[in-house]
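Please look over the sequence and the model shown here before reading the notes on its aromatic contacts, surface and strands.

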Amino acid sequence: MSVADLRRPPVGVPCVPLDASPAPAFTPGWDYPHPRRCRYPVTPVKTMTLTAGLMVTLATLCASPVMAALPRQEPQQVTVLEGVAFGWNEQAPPMTELDGLVIRQQGQVIERRLALPAAPTNQRDAVRLVAIVEIEPVITTEHEQPRIADPWTRLGHVGVVLGPPGAENPVVVELMRFITPFGGAARFEQDVTSYAPILSGETTLRLHVSTWFSPAWKATLRLEYRPGEAGYRRPKLVLPLLGEHRLTARDSKRSVTVEIPASGIALPRLHILTSGHGGPQEFLTADHVLRIDGREIIRFRPWREDGGTLHDSNPTSHRAPLDGRELWSSDIDRSGWLPGSIVHPYRVPLPELTPGRHVIEIEVVGIPGWDVETAEQGYWIVSAVVVVDEPWPAPAPPPTP
């Protein structure tokens, strides 16, 4: 059975509703139910081959002593940071240590080095990894009235700091990017299973909230290791390309050379996190162009337009009537992000990354320059990594009858 065998017929094939009376019986020549509650006719040869392949696969799995002997794994949760306070302190040194934490950028960045669960010795036992951030604004008082200390949206991220502790210019791999709400609490989740090769053993993790207020926010960072949910992933390699690089009108592209191993790899993919900020760029998209060895692979425009679903997280969002409707500032479409939400990564399969050396280039086209009205310069924050799996082993032959 191959992946091609699992593909459905092309669009345009007649649909027979499942709830028809009487319901059509399953017979060779009909594919499995579609989410639209339809059965699609396919050629009898392909359907019978698929069915036979499934029967052989199921029989192999049921009879496999390896599957029967697999130990049951328990989920694990690691609290990296709990209820830590973020606040800008202009007088603070560039780096300070407090209670086992490293505080950088005058209070905007907090790091912790800790021992994470060991990586599985066999990727058969890979687990799903999820990064979770819970954040809430600090409440202060002003004129004896409660007040939200930082009512504005702030850029945040979770990163892995690579290299030895104390390195001057470490490589930081961004796992998750989020935008705080307008004055509300939020919970952010991001699947980071593909980053498992850098999320085991002694690891330095970083949480960043770009506030300019003090006090400002309290945040908790956790990692969850969920057995049985890794699906098709067999994470093997993470190759950092860009770490939160700021691209502007004058500096709009970056090129990085990567070396792909000669063997033992499968399914190379590019993960890109990108969001537009500064002046009008916040509300304008821009072409993102990915090139490999000089050839354009993909071109896309980051955009988010589901802000109306996030009212509960944005209590201090500005509101104004427009054409009989109350419009919130958090409703407005934005360049790849929204207040109170994660920035969704773009995942690009790259079969072009064959073993050997390649040049990967990322360019953002048409970034506006200095905006006189807002006195701001538009820019995009872009981070990117290549992630690679190890191949699945060849299937075992079916048992002898």
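The briefing below takes up aromatic rings, a surface patch, a hairpin and a glycine in turn.

This is a predicted model, in which local features need pLDDT of at least 70 and side-chain atom pairs count only at pLDDT 80 or more, while totals for chains, interfaces and linings use all residues. Residues are numbered from 1 along each chain as its sequence is written, and side-chain values use heavy atoms, with hydrogens and water left out.

**Aromatic rings and charges**

- The count of aromatic pairs comes to four, where rings of Phe, Tyr and Trp (its six-membered ring) pair if their centres lie within 6.5 Å, and planes under 30 degrees apart count as stacked, over 60 as edge-to-face and the rest as tilted.
- The pair of Y232 and W392 is stacked, because the ring centres are 5.6 Å apart and the planes stand at 20°.
- This pair links distant parts of the chain, 160 residues apart, with Y232 in the loop between β14 (217-226) and β15 (235-247) and W392 in the segment after β27 (379-389); strands are DSSP runs (E, at least two residues), numbered from the N terminus.
- Y232 counts as exposed at 53% relative accessibility, whereas W392 counts as partly exposed at 43%; buried means under 20% relative accessible area, exposed over 50% and partly exposed in between (1.4 Å probe, protein chains only).
- R234 lies over the face of W392, at 4.6 Å from the ring centre, and R246 lies over the face of Y379, at 3.8 Å; the rule asks for NZ of Lys or CZ of Arg within 6 Å of the ring centre and within 35 degrees of the ring normal.

**Nonpolar surface patch**

- F283, L322, L327 and I332 make a nonpolar surface patch of about 320 Å², with patch residues having over 30% relative accessible area and no salt bridge (a side-chain nitrogen of Lys or Arg within 4 Å of a carboxyl oxygen of Asp or Glu), and nonpolar side chains joined within 5 Å.
- F283 is placed in the loop between β17 (266-277) and β18 (287-292), and F283 is partly exposed, with a relative accessible area of 34%.

**Hairpin of β4 and β5**

- Strands β4 (residues 95-98) and β5 (residues 101-104) run antiparallel and are joined by four bridges, where pairing requires that DSSP finds at least two bridges.
- L98 has L101 in β5 as its bridge partner, and D99, in this hairpin with two residues between the strands, takes a positive phi near 55°.

**Glycine in β17**

- G276 lies in strand β17 and counts as buried, at 0% relative accessibility.
- The C-alpha atoms of G276 and S335 are separated by 5.1 Å, although the two residues are 59 residues apart along the chain.

Key: Patch = residues over 30% accessible without salt bridge, like charges linked within 9 Å, V, L, I, M, F, W, Y side chains within 5 Å. Areas by Shrake-Rupley, 256 points an atom, 1.4 Å probe, with all protein chains shown as cover.
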